[in-house]
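Work through the exercises below with the sequence and the coordinates at hand. Each task is followed by a worked solution.

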Amino acid sequence: MTKLFSLAHRVALATVSYSRCGCGGFGMFYAVRRGRKTGVFLTWNECRTQVDRFPAARFKKFATEDEAWAFVRSSVSPDGSEGQKNKHVQEPQAKANKRPRESLDKEEGEDAESCMKHVKRREFVVVYTDGCCSSNGRKRARAGIGVYWGPGHPLNVGIRLPGRQTNQRAEIHAACRAIKQAKAQNINKLVLYTDSMFTINGITNWVPGWKKNGWRTSTGKEVINKEDFVELDRLIQGMDIQWMHVPGHSGFIGNEEADRLAREGAKQSEG
């Protein structure tokens with residue numbers, strides 16, 4: 001099951017830039033633990049879209065991205081209830097649904113809980129992927145893939161792309177590597193960030209049509225990256241993936257780290 005979220009129209013970036021000075025100075029981070037879409041948002045309006053009139057919404061404003069994501073990912077206790085620190089006020093559901101928009105505006109992302117007990121659920125795991133290729137399209141091209149799970153994470157990897165050395169293949173196989181790692185860890189819910197709209201469009205929009213056409217394009221031509229998309233399509237089966245686009249080289253730390261790992265991988269010799 002795949003879902004495409006565009007940066008401009010559907011959802012704000014869930015893991016956005018840390019301040020370039022490292023202190024979160026670009027503004028507040030609005031974390032939604034329970035709402036129409038979970039994640040971290042850059043503006044109150046985007047956050048409000050996810051929680052306004054949503055029963056038992058859970059959201060809060062933070063000064064840093066780390067704190068915001070910690071809130072989103074925090075688990076509930078074994079009996080399905082929140083800890084005392086996050087204890088919510090009980091309120092009839094009908095009353096919560098009728099709460100005026102103005103009250104949400106005033107709260108500005110503060111911890112506004114409505115009613116009913118929270119249901120224990122499995123959270124999505126965030127990962128960033130990137131591919132790079134020096135001298136792309138030339139004889140001496142060197143491509144690498146990078147997968148970034150977080151600071152110091154043992155699954156972070158930067159390796160040389162095997163086979164044909166192109167940027168597009170590197171982007172696809174970076175996503176493949178992340179999904180393989182997730183499956184090995186019994187993770188089946190991913191928010192996968194990539195700066196490659198080619199990869200996102202390919203797997204969410206084009207692959208279904210290509211498969212119906214015998215892996216040929218609408219003009220009858222053979223799909224250039226067929227083997228790569230066949231592999232990606234195989235890997236996503238049984239996975240719930242939210243495909244998120246992040247602009248490359250724009251200061252978003254997850255993307256910058258994935259890019260760094262990919263460049264390190266491109267320097268390695270082919271295995």
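A salt bridge here is a side-chain nitrogen of Lys or Arg within 4 Å of a carboxyl oxygen of Asp or Glu. The model is predicted.

**Exercise 1.** Determine how helix α5 and helix α7 are oriented relative to each other.

Solution. Step 1: the axes of α5 (residues 167–184) and α7 (residues 226–235) come within 10 Å and cross at roughly 25°. Step 2: angles under 35 degrees count as roughly parallel, so α5 is roughly parallel to α7. Step 3: the crossing of α5 past α7 is left-handed.

**Exercise 2.** Describe the contact of α5 with α7 by residue class.

Solution. Step 1: on the α5 side the contact residues include Ile172, Ala175 and Ile179, and on the α7 side they include Phe229, Leu232 and Leu235. Step 2: by class, the contact has seven nonpolar, one polar and six charged residues.

**Exercise 3.** Find salt bridges that link α5 to α7, and state whether Lys180 is buried, partly exposed or exposed.

Solution. Step 1: Arg169 and Asp228 form a salt bridge, with N to O at 3.0 Å. Step 2: Arg169 lies in α5 and Asp228 in α7, 59 residues apart. Both residues are buried. Step 3: Lys180 forms a salt bridge with Glu231, with the closest N and O atoms 3.6 Å apart. This pair also joins α5 to α7, across 51 residues. Step 4: Lys180 has 43% relative accessibility, so Lys180 counts as partly exposed.

**Exercise 4.** Which residues are linked with Arg169 in a network of salt bridges?

Solution. The network links Arg164, Arg169 and Asp228. The structure holds nine salt bridges.

Notes:
Residues are numbered from 1 along each chain as its sequence is written. This is a predicted model: local features need pLDDT of at least 70, side-chain atom pairs count only at pLDDT 80 or more; totals for chains, interfaces and linings use all residues. Side-chain values use heavy atoms; hydrogens and water are left out. Axes are lines fitted to C-alpha atoms, for helices over the stretch in contact, and angles run from 0 to 180 degrees between N-to-C directions. Helices (H or I, at least four residues) and strands (E, at least two) are DSSP runs, numbered from the N terminus. Angles under 35 degrees count as roughly parallel, over 145 as roughly antiparallel, 65 to 115 as roughly perpendicular and the rest as oblique. A crossing is left-handed if the near helix is turned anticlockwise from the far one by less than a right angle, and right-handed if clockwise. Contact means heavy atoms within 4.5 Å. Ala, Val, Leu, Ile, Met, Phe, Trp, Tyr, Cys and Pro count as nonpolar, Asp, Glu, Lys and Arg as charged, and the others, Gly among them, as polar. Buried means under 20% relative accessible area, exposed over 50%, partly exposed in between (1.4 Å probe, protein chains only).
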